[in-house]
Protein chains: 4
Amino acid sequence: MVQITADTKGVFVIAVTPFTETGALDHDSIDRMVDFYMDKGADGLTILGMMGEAPKLTQAESIEVTRLTLARAGEKPVVVGVSAPGLAAIGELTKAVMDLGAAGVMVAPPSSLRTDDQIIGYYRTVVETVGTDVPVVLQDFPLVTNVQISTKTLGAIFEEHASIVMLKHEDWPGLQKISELRQAEARGRRRVSILCGNAGAFLTEEMQRGADGAMTGFAYPEMMADVVRLSNAGEFDRAQDLFDAYLPLVRYEQQPGIGLAVRKYVLARRGAIASAAQRRPGAALNAAAIADVERLIARQTRRLEALA
Amino acid sequence: MVQITADTKGVFVIAVTPFTETGALDHDSIDRMVDFYMDKGADGLTILGMMGEAPKLTQAESIEVTRLTLARAGEKPVVVGVSAPGLAAIGELTKAVMDLGAAGVMVAPPSSLRTDDQIIGYYRTVVETVGTDVPVVLQDFPLVTNVQISTKTLGAIFEEHASIVMLKHEDWPGLQKISELRQAEARGRRRVSILCGNAGAFLTEEMQRGADGAMTGFAYPEMMADVVRLSNAGEFDRAQDLFDAYLPLVRYEQQPGIGLAVRKYVLARRGAIASAAQRRPGAALNAAAIADVERLIARQTRRLEALA
Amino acid sequence: MVQITADTKGVFVIAVTPFTETGALDHDSIDRMVDFYMDKGADGLTILGMMGEAPKLTQAESIEVTRLTLARAGEKPVVVGVSAPGLAAIGELTKAVMDLGAAGVMVAPPSSLRTDDQIIGYYRTVVETVGTDVPVVLQDFPLVTNVQISTKTLGAIFEEHASIVMLKHEDWPGLQKISELRQAEARGRRRVSILCGNAGAFLTEEMQRGADGAMTGFAYPEMMADVVRLSNAGEFDRAQDLFDAYLPLVRYEQQPGIGLAVRKYVLARRGAIASAAQRRPGAALNAAAIADVERLIARQTRRLEALA
Amino acid sequence: MVQITADTKGVFVIAVTPFTETGALDHDSIDRMVDFYMDKGADGLTILGMMGEAPKLTQAESIEVTRLTLARAGEKPVVVGVSAPGLAAIGELTKAVMDLGAAGVMVAPPSSLRTDDQIIGYYRTVVETVGTDVPVVLQDFPLVTNVQISTKTLGAIFEEHASIVMLKHEDWPGLQKISELRQAEARGRRRVSILCGNAGAFLTEEMQRGADGAMTGFAYPEMMADVVRLSNAGEFDRAQDLFDAYLPLVRYEQQPGIGLAVRKYVLARRGAIASAAQRRPGAALNAAAIADVERLIARQTRRLEALA
């Protein structure tokens, strides 16, 4: 049973949750999707995140999705999102998924937190609840959570809890935050793994600032895998060439609201899942949006061929 | 199995959830508390609301609290709060509690809703999820949810869904909202029951505007029962005399944050529950606050004696 | 030219801005209102606050209101609210009103601030902008500003800026904040004046926790003056008796939205201003609300007679 | 004196406000910047918007910036942002700038608005305040204002006020909103001009949905002018080729917070303004960010050469 650590690097794809057209969990597509992500270069997965329609699942379904994903992922690490309004639910789901073999859990702050001490206090309670032996990913996503965590506050949390081993970085803008965290480590603070979100829209710059990789769900994971690999090899310009070819679609998929519909549409089109269906409430792409996406994919294909 | 309807009147006490000092559910105190509330004049109860520490319970515990409360409440109706970030959880908990004999479920809007149509659409999906045979209470509490529902939007929702039979009214200020809803009914819209929250701080005026009673958790439910009874008898001045005697404590208990600690302290002091303990995170009253409360209770007692 | 200091005590009434029925500034009523407030026991005034319809005034009008108020207030100190989205406007208005003889300026944090350091940085810039010789009141009103300032952050700001001499305290709940600020002073931090807002709804408890008085606009300033005087004399029970007599109306006037209409209605009724008119947008009381207020005043009068 | 109408098309550049290193208004750079924007293909300008540091200007400075810009812009239309917390300030600034010859004013909704009727009521009051003869641009920017305006609500506002002639569209995602507005016009509603913001990041798709152009401040206005021109000529693929070359920098400039620093850095680098300085509070780019921007510009230059 592999677990994430403060040294974890690479690409953890934020997985969608596949449903059938009638809204049932699509078990076969879970297998297919796990294979697809791994085949495209994922080093691990993160399930039941914000883009995994987690709040639409019953608790039993959440555990079932975890069980099926872990079974298929084999030795590859799978992080599970366990954010919830209450600590009891966080603790209960954490115990269940860690028992099944999860690599760690991810927790975003509830939107009611405001002051630095409230944020620090929250993660103290989270660690007490899940236990210090469970690796935790702190998800820093102010655009959605409405909680601003300063670099100093992140530092205080990391210093207090050795079990918070990873930052899912999606502050926006956040490049300077990565630089400051790495500078603090250079001055002696313990290392944490930094994997970046925001649909990968700043992945090239993030890698240059010292990120360890990506944790996001862009429907072409091979882009993220290649950018991380090339960046780690110091080939930043080639990384950026590749990135630029995908950027028009990254941008389109990053739109709030319909972003998940775009992602599922592309994944279904690529054969990773059987259906683009979302559980209610969740809008499907209309014809105009499909035309946009198809046009972007066609252009992307031509540009990648030109790069090859 | 009694259910709430659009004609329901009276006082539904928002129940606390009793815990032991170590944070376990206190089964004995649930019985004691139900007896206490009924003895003080409650016509029904509402459990697992915001002041019931619902998010701190696991789903299994939520169902256990419901089962125990229903068993003790006998023929008295018990509404269950089922608000959750996702519809799957709402649907699952609703089915469980209605099967146990709940009188209806209460649903507050998620804080992401903004436009009128988003709010209307949300309650459409809720009714589809729980089924049209389940009586629903719409909780209108902008101070906490950050969702503003206009009278017009409430009207559109009530017209569309006969199964939304009750409004838990705690807009602030909201007296005019009650007047406008009743005026619309006078012009022909179907009736809904309006029970008022906000710790009862405007109960006398709310009754004069046409409310059917209270749904809130002030630790002296006899005040609410008496104000509702006297108001229904047209004795508004006597109702206000009684109300005024309790108002200093109502005001103190209404404070965000420590309000629940005050309420549990008073309930424990009155013997309704064994301990004032809250589950983490939840602050106990410190000595200064206890001194405030004791002083207010002593004055309240003297004033009630003078009224008698 | 009197200025506020860290030792200022007493009642600073938050003044309304009087308008004629057509929305023009009512110069005569400014004089009448200043006399009324002083006659009822005010130690000073605060103008152009949130309840002074400041955003509805042009800058020229703001300065005119300041000039007229200062002229009438004579030796009594007048604080001027200068909160604005930008520092240039804050600096410009501050210079103008201090030149006219204002006792200090009041600044609330803009709602975009989140982290402790953002709040601390904001007040640093404010002090740089207005100059260290201008006494500043920090308005701490999270219900409206949506900015949470912890006691620790307040302390850091007070330690950094000797010219921030006063806290307008209206965190809710905030009794514990007063206790903690006074405890820090007992341990050696420099003193600040603490005047309390929130419509006076917790004034008796606030005085017992160590507040220096009130800064709020309840339409019966004599209540605040008497509560402060009795509290300072250690007669807390008599202070509470008096407070309780006014509490039903305090509560009604404290309602967001219509609170200002209630206040202006009562002030006009008492002869302090000629008209209850607000500038657009601003609702007048309808008949039902007027009936509520009249009923509360009649009861208040009877109760005060019984106390006398 | 040219004014905007419901038929206005093209690129209105959101202008920065040039300051010297010491924070004074840089009069010379205003001239230089106006010339630069026009030279790069702007059809008009919009000044004193969110990216124009408007809240940092005194009212006198706002009018001075307007006067200087209008003098230099000659026959080209200049829209002025007049959003403010209060209607008096909106009315006063509108009168001043229209007297100087502005082409119209732009008003964003205050963040306190929630329900559809509140939004509709707000724009009714705005039109009453500025007068029906002043062309108004409605700025729809939920990411910053936190106000969600549905397509239906926009329609109600457009139907009520003929003087609201233009939508500054920067809902995100908002492509569908453009489609729906145009469909309503096809069914008979009067036309409004739709110019798009969001740093131009979706300009190609927006033009295909029926937008009339761009109103945003990307530091390479020639991109926007060319994309609009090519799109109007039906050459969507060439428009996208061009757009894609600039997209990596568009994305970098679109970052909240540091976006304006990036924009001013590039404008100063291109000679449009003398200094990238912002008034306090406003961060300059650090070395790492400058390296990012320089790298992106170098790549952009190479790619544009390859396209030529």
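1. The side chain of D:Asp26 makes a polar contact with the side chain of D:Ser29, at 2.5 Å. This is a predicted model, and the points below should be read with that in mind. D:Asp26 sits in the loop that runs between strand S1 (10-14) and helix H1 (27-39) of chain D. Leaving aside neighbours within four places in sequence, D:Asp26 is in contact with D:Pro18, D:Phe19, D:Thr20 and D:Ala274.

2. What is the charge situation of D:Asp26? The residue is buried yet has no salt bridge. The nearest side chain of opposite charge belongs to D:Arg32, 5.6 Å away. A salt bridge needs a side-chain nitrogen of Lys or Arg within 4 Å of a carboxyl oxygen of Asp or Glu.

3. Salt bridges over all chains come to 120. One of them joins the side chains of B:Arg189 and B:Glu159, with 4.0 Å from N to O. The pair links distant parts of the chain, 30 residues apart: B:Arg189 is in the loop between helix H7 (175-186) and strand S7 (193-196) of chain B, and B:Glu159 is in helix H6 of chain B. B:Arg189 has a relative accessible area of 17% and therefore counts as buried, while B:Glu159, at 58%, is exposed.

4. In chain C, the side chains of C:Arg279 and C:Glu61 meet in a salt bridge of 2.7 Å, N to O. The partners come from distant parts of the chain, 218 residues apart. C:Arg279 belongs to the loop between helix H11 (259-269) and helix H12 (287-307) of chain C, and C:Glu61 to helix H2 (residues 59-73) of chain C. Both residues, C:Arg279 and C:Glu61, are buried.

5. A salt bridge within one helix is found in chain D, where the closest N and O atoms of D:Lys95 and D:Asp99 are 2.7 Å apart. Both residues lie in helix H3 (residues 87-100) of chain D, four residues apart, or about one turn of the helix. Why can such a spacing suit a pair of side chains? An α-helix has 3.6 residues a turn, so residues three or four places apart point the same way. D:Lys95 is exposed, with 53% relative accessibility, and D:Asp99 is exposed too, at 56%.

6. Chain A holds a network of salt bridges that links A:Lys9, A:Arg182, A:Glu185, A:Arg191 and A:Asp212.

7. A:Arg270 is in the loop between helix H11 (259-269) and helix H12 (287-307) of chain A. Its relative accessible area is 23%, so A:Arg270 is partly exposed. A polar atom of the A:Arg270 side chain lies 2.9 Å from the backbone oxygen of A:Ala219. These two residues are 51 places apart along the chain, and their C-alpha atoms are separated by 8.9 Å. Not counting residues up to four places away in sequence, A:Arg270 also touches A:Phe36, A:Lys40, A:Tyr220, A:Pro221 and A:Glu222.

8. A:Met215 is covered by the annotation "binding site" in an unreviewed UniProt entry. The residue lies in strand S8 (residues 213-216) of chain A. Is A:Met215 buried or exposed? Its relative accessibility is 0%, so A:Met215 counts as buried. Beyond neighbours within four places in sequence, its contacts include A:Phe12, A:Ile14, A:Thr46, A:Met106 and A:Met166. A:Lys168, A:Leu195, A:Cys196 and A:Gly197 are also among them.

9. Helix H4 (residues 116-130) of chain B has 15 residues, which at 1.5 Å a residue should span 21 Å; the end C-alpha atoms are 22 Å apart, which agrees. Its buried residues include B:Asp116, B:Ile119, B:Ile120, B:Tyr122 and B:Tyr123. Within chain B, the buried residues of H4(B) pack against elements including helix H3 (87-100), strand S5 (136-140) and helix H6 (151-160). Helix H4 (116-130) of chain D also packs against them. B:Gly131 follows H4(B) and has a positive phi, near 95°.

10. Helix H2 (residues 59-73) of chain A likewise has 15 residues and an expected span of 21 Å; its end C-alpha atoms are 21 Å apart, which agrees. Among the buried residues of H2(A) are A:Glu61, A:Val65, A:Leu68 and A:Ala73. Their cover includes helix H1 (27-39), strand S2 (44-47), strand S3 (78-81) and helix H3 (87-100) of chain A. After H2(A) comes A:Gly74, with a positive phi near 60°.

Notes: Residues are numbered from 1 along each chain as its sequence is written. Chains are lettered from A and ligands numbered from 1 in the order in which they are written. This is a predicted model: local features need pLDDT of at least 70, side-chain atom pairs count only at pLDDT 80 or more; totals for chains, interfaces and linings use all residues. Side-chain values use heavy atoms; hydrogens and water are left out. Helices (H or I, at least four residues) and strands (E, at least two) are DSSP runs, numbered from the N terminus. Buried means under 20% relative accessible area, exposed over 50%, partly exposed in between (1.4 Å probe, protein chains only). Lys and Arg count as positive and Asp and Glu as negative; His and the chain ends are not counted. A polar contact is a pair of N or O atoms within 3.5 Å; within protein, one must be able to donate a hydrogen and the other to accept it, and residues adjacent in sequence count only if both atoms are side-chain atoms. Contact means heavy atoms within 4.5 Å. The expected span of a helix is 1.5 Å times one less than its number of residues. UniProt positions are given in the numbering used here, feature names are shortened, and annotations may be inferred rather than shown by experiment.
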